[in-house]
Amino acid sequence: MHLRKIIRSTGFRFAVLHTLVFVVCVGLIGWLAEVTVTTALMGQARQRVDAEVAALAMEFEHEGSTGLLSSVQRRFATRESRLRYAILDRDNRTVVGDHGLAAYAGGADASTETETRQFKRDASDSILVAARSLADGTRLVIADDLESIEDVQDVILDAFLLALGVALALGFGTGALLTYALLKRVDAVTRTADAIIGGDLSQRIELTGSGDEFDRLSATLNTMLDRIGA
């Protein structure tokens, strides 16, 4: 059967429309999944850095600057977590810890509230930074690299792009097969009608035995032809 005939058929158009609707639904589900997962992971990262800032600020209140420096040095040296630490002086110079965090710490102020912000280091990498001014004028900075969250976003995006591709292939392929089967049944009716128009009143539409709408229509037309022939 000619491919152009399949593509121009109403059945194939309905199949394409159904496939496009399904693809849009899959895309919306993928977008919602990415937003939900990313929001949850970002919330966990924010809670993690805020809690660490609060814990170290509490240690500063009890142990003073010496105890705080010791704690940050210990954390910075052991690298037990993915968090990055720094203590900055009044001139925004690094006293101890990661020297790269000074660029994201902001200016020192009198407020002791934790300020948490997200920064883009480049086109594909972000960092979450929590900074807090302490009573002695120093500034405590803790950062969490968001690369793992971006990796999760990439995995979700790749998975749903693959799902969209499979959905499109299956939709168009199934639509073409169903249209081919449908047109075969229609062509059988058309050939019989053409033969009868040509004068061969003995022609009848072949039944498949499936009992579907085409079989019932074919049986009705055959009965009509029998009556006409009689």
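Is Asp154 buried, partly exposed or exposed, and at what relative accessibility? Asp154 counts as partly exposed because its relative accessibility is 41%; buried means under 20% relative accessible area, exposed means over 50%, and partly exposed lies in between, with a 1.4 Å probe and protein chains only. The model described here is predicted, so local features need pLDDT of at least 70 and side-chain atom pairs count only at pLDDT 80 or more, while totals for chains, interfaces and linings use all residues. Residues are numbered from 1 along each chain as its sequence is written, and side-chain values use heavy atoms, with hydrogens and water left out.

Asp154 is a good place to start a tour of helix H3, which covers residues 147-197. Helices (H or I, at least four residues) and strands (E, at least two) are DSSP runs, numbered from the N terminus. H3 is built from 51 residues and spans 73 Å from its first C-alpha to its last, close to the 75 Å expected at 1.5 Å a residue; the expected span is 1.5 Å times one less than the number of residues. Buried positions are found along H3, among them Ile149, Ile156, Leu164, Gly171, Leu183 and Ile196. Polar and charged residues also appear in the buried set of H3, including Glu150, Thr179, Asp187 and Thr192. An α-helix has 3.6 residues a turn, so residues three or four places apart point the same way. Val155, also in H3, counts as exposed because its relative accessibility is 57%. From Val155 to Val141 the separation is 14 residues in sequence and 30 Å in space, C-alpha to C-alpha. After H3 comes Gly199, whose phi is positive, near 110 degrees.

Asp154 also belongs to a surface patch of negative charge, together with Glu147, Asp151 and Asp158. Patches are made of residues with over 30% relative accessible area and no salt bridge, where like charges are joined within 9 Å and nonpolar side chains (Val, Leu, Ile, Met, Phe, Trp, Tyr) within 5 Å. For charge, Lys and Arg count as positive and Asp and Glu as negative, with His and the chain ends not counted. A nonpolar patch is formed on the surface by Phe14, Leu17 and Val21, with about 310 Å² of accessible area together; such areas come from the Shrake-Rupley method with a 1.4 Å probe.

Val21 brings the tour to helix H2, which runs over residues 10-78. Val21 counts as partly exposed because its relative accessibility is 46%. Phe22, likewise found in H2, is partly exposed at 43%. Phe22 and Leu162 stand 140 residues apart in sequence, with 14 Å between their C-alpha atoms. Further along H2 sits Ala54, partly exposed at 36% relative accessibility. Between Ala54 and Arg132 there are 8.9 Å in space, C-alpha to C-alpha, although the two are 78 residues apart in sequence. Ser70 is found in H2 too and is partly exposed, at 36%. Ser70 and Ser218 are 90 Å apart, C-alpha to C-alpha, and 148 residues apart in sequence.

The structure holds 4 salt bridges, each being a side-chain nitrogen of Lys or Arg within 4 Å of a carboxyl oxygen of Asp or Glu. One of them joins the side chains of Arg48 and Asp144, at 2.9 Å from N to O. This pair links distant parts of the chain, with Arg48 in helix H2 and Asp144 in strand E5 (residues 139-145), 96 residues apart. The two partners have their own surroundings: Arg48 is partly exposed, with a relative accessible area of 32%, whereas Asp144 is buried, at 0%.

Asp89, Asp91 and Arg93 are linked in a network of salt bridges. Within the network, Asp89 and Arg93 meet at 3.1 Å, N to O, and Arg93 and Asp91 meet at 3.2 Å, N to O. Both Arg93 and Asp91 are exposed. Asn92 lies in the loop between strand E1 (83-88) and strand E2 (94-97). The phi of Asn92 is near 65 degrees, a positive value in a residue other than glycine. Asn92 counts as partly exposed because its relative accessible area is 30%.

Definitions and conventions:
The place of a charge is taken as NZ of Lys, CZ of Arg, CG of Asp or CD of Glu.
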